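Grab a coffee and work through these exercises with the model open beside you. Each one sets a task and then walks through the solution.

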Amino acid sequence: MNFQSYPAEPFKIKVVEPVVMKTREERIAAMKEAGYNTFNLKSEDVYIDLLTDSGTNAMSDRQWAGMMIGDEAYAGSKNWIYLEKIAKEIFGFKHIVPTHQGRGAENLLSQIAIKPGQYVAGNMYFTTTRYHQERCGGIFVDIIGDIAHDATVNAPFKGNIDLDKLKKLIDDKGAENIAYVCLAVTVNLAGGQPVSMANMKAVRELCSKHGIKIFFDATRCVENAYFIKEQEKGYENCSIKDLVHEMFSYSDGATMSGKKDCIVNIGGFLAINDDELFGKAKELVVVYEGMPSYGGMAGRDMQAMAIGLQDSMQEEYIEHRIKQVRYLGERLLQAGIPIIEPIGGHAVFLDARRFCTHLKQEQFPAQSLAAFLYMDSGVRSMERGIVSAGRDKKTGKNHTPKLETVRLTVPRRVYTYKHMDVVADSVISLFKNKEQIRPLKFIYEPQQLRFFTAKFDFAD
Ligand SMILES: *Cc1c(COP(=O)(O)O)cnc(C)c1O
């Protein structure tokens, strides 16, 4: 491994939160108590928490200073005026509507832009995004390239939209029956895979020809911009800020979860160019979120988000972010561990099908692997496979997704390379003794979104 290619942390540590690894006996007891579901663990029992990168970010000293100038006026907070100015500047949109987090923006957008029975095309889906689209009568159609569904294909820009699929949808259903195209940068469920600038441009051209709007899921747009700078010809000398600006010039608006690339713990917004849609969103935000000058956020949270957005444009920050995730992935690859390639922006996904060849998908290999990883080293990860996919509403049978994975999600600016080493060493030692990973069976299975609260026991 070429250690030179992994930049050191571009920050120094001013405040620390002590963590301890519980004893092996305590970890085994905690996992049993949690029903072999990492979501049910107490955070205090976790040593390195890679459950999610959502809202788990560490803020900078500038952001914490910003918290102190929170203006908690009910209306017209100066922090809102600042956040609006910064968000408009960075993304180039005409209007910004604040929301408490990403799904708040998804709710508004779905209500104002989807008529019941219309199609919504997307590059794969995200759980809450799709939920809101369907709740508003939209019919979701996946138009991502086929390779995104294949864990074994290593190709750049795996998040790209398949233009032929989009053309076919327009031909079959008619442009007027398509509410909009929802383009996620990057694609979370495909493994944090980016979309190329060329693909965005091409989707824009096609949609413009047919008068179809495009809304971006901006959640991890800064990570996407880094991949463009690194891997797409002609963009190597552009700044991250310019790349982000260009990306969004190919859209009509965006939903943003501040909990990811805005480097804060809570917040979000909807951005939109159309005046009429903006008017509707502004009327609705009062019902669901709060005044259009806070949208569910405290003044101090808006200040932290405005500053976090600027932090995220820093070249050193995003290079370290992407490469720290890659470091973990490459250590695993070097040891022959099966992971999804290429390594994405926010997480490394273990391919549980190839990891646990002794288990069938119905024995919940990814769920069990996540449980054993915790018992081995106190590292918390998340199942993304058959448990997360749930059951078919009609037949009652388990969906059997192609991707049966364990997600190791890296929070922003929280852990060091040495933490990544602990994770890698644990995964590698588990792989050497993978037969110890045992089949599971449900002992409690909730009806909806079962992965959050389900409980299991050993099936053998
Ligand atoms: C997290 C996430 C959302 C939803 O945002 P929240 O802030 O959690 O409500 C939407 N899209 C993607 C791709 C996400 O990862």
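**Exercise 1. Sort the residues that line the largest cavity by class, then work out where they come from.**

Start with the classes: the lining of the largest cavity splits into five nonpolar, four polar and two charged residues. Here Ala, Val, Leu, Ile, Met, Phe, Trp, Tyr, Cys and Pro count as nonpolar, Asp, Glu, Lys and Arg as charged, and the others, Gly among them, as polar.

Before going on, note that this is a predicted model, where local features need pLDDT of at least 70, side-chain atom pairs count only at pLDDT 80 or more, and totals for chains, interfaces and linings use all residues. Residues are numbered from 1 along each chain as its sequence is written, and side-chain values use heavy atoms, with hydrogens and water left out.

Next, find the residues: the lining includes Glu106, Tyr180, Phe215 and Asp217. The elements giving two or more residues to it are α4 (102-113), α5 (127-135), β5 (178-184) and β6 (214-217). Helices (H or I, at least four residues) and strands (E, at least two) are DSSP runs numbered from the N terminus.

Last, the volume: about 60 Å³. A cavity is a set of points on a 1 Å grid over the protein atoms alone where a 1.4 Å probe fits but cannot get out, a pocket is an open set with protein on both sides within 12 Å along at least five of seven lines, and lining residues have an atom within 4 Å of a point. Points are joined across faces, edges and corners, and a volume is the space filled by probe spheres set on them.

**Exercise 2. Describe the second largest cavity.**

Its volume is about 40 Å³. Tyr317, His320, Arg321, Gln324, Pro411, Arg412 and Arg413 line it. By class, that makes two nonpolar, two polar and three charged residues.

**Exercise 3. Why does the second largest pocket lie between two domains?**

First, the pocket has a volume of about 1,500 Å³. Of its 38 lining residues, Val15, Glu17, Ala58, Arg413 and Val414 are the closest to the centre. Helix α2 (residues 61-67) gives the most to the lining, with four residues. Now the reason: domain 1 (3-53 + 315-458) and domain 2 (61-312) both give residues to the lining, so the pocket lies between them. The domain bounds come from an automatic or database domain assignment.

**Exercise 4. How do the axes of α12 and α16 cross?**

Take helix α12 (residues 315-334) and helix α16 (residues 417-432): their axes come within 9 Å and cross at roughly 25°. Axes are lines fitted to C-alpha atoms, for helices over the stretch in contact, and angles run from 0 to 180 degrees between N-to-C directions. α12 and α16 are therefore roughly parallel to each other, a label for angles under 35 degrees.

**Exercise 5. Locate the unusual backbone spots.**

A cis peptide bond joins Val185 and Thr186, with omega about -10°. Thr186 sits in the loop between β5 and α7 (197-210). Another cis bond joins Glu341 and Pro342, with omega about -5°, and Pro342 is in the loop between α12 and β9 (347-351). Finally, Met124 has a positive phi of about 65° although it is not a glycine.

Conventions:
Angles under 35 degrees count as roughly parallel, over 145 as roughly antiparallel, 65 to 115 as roughly perpendicular and the rest as oblique.
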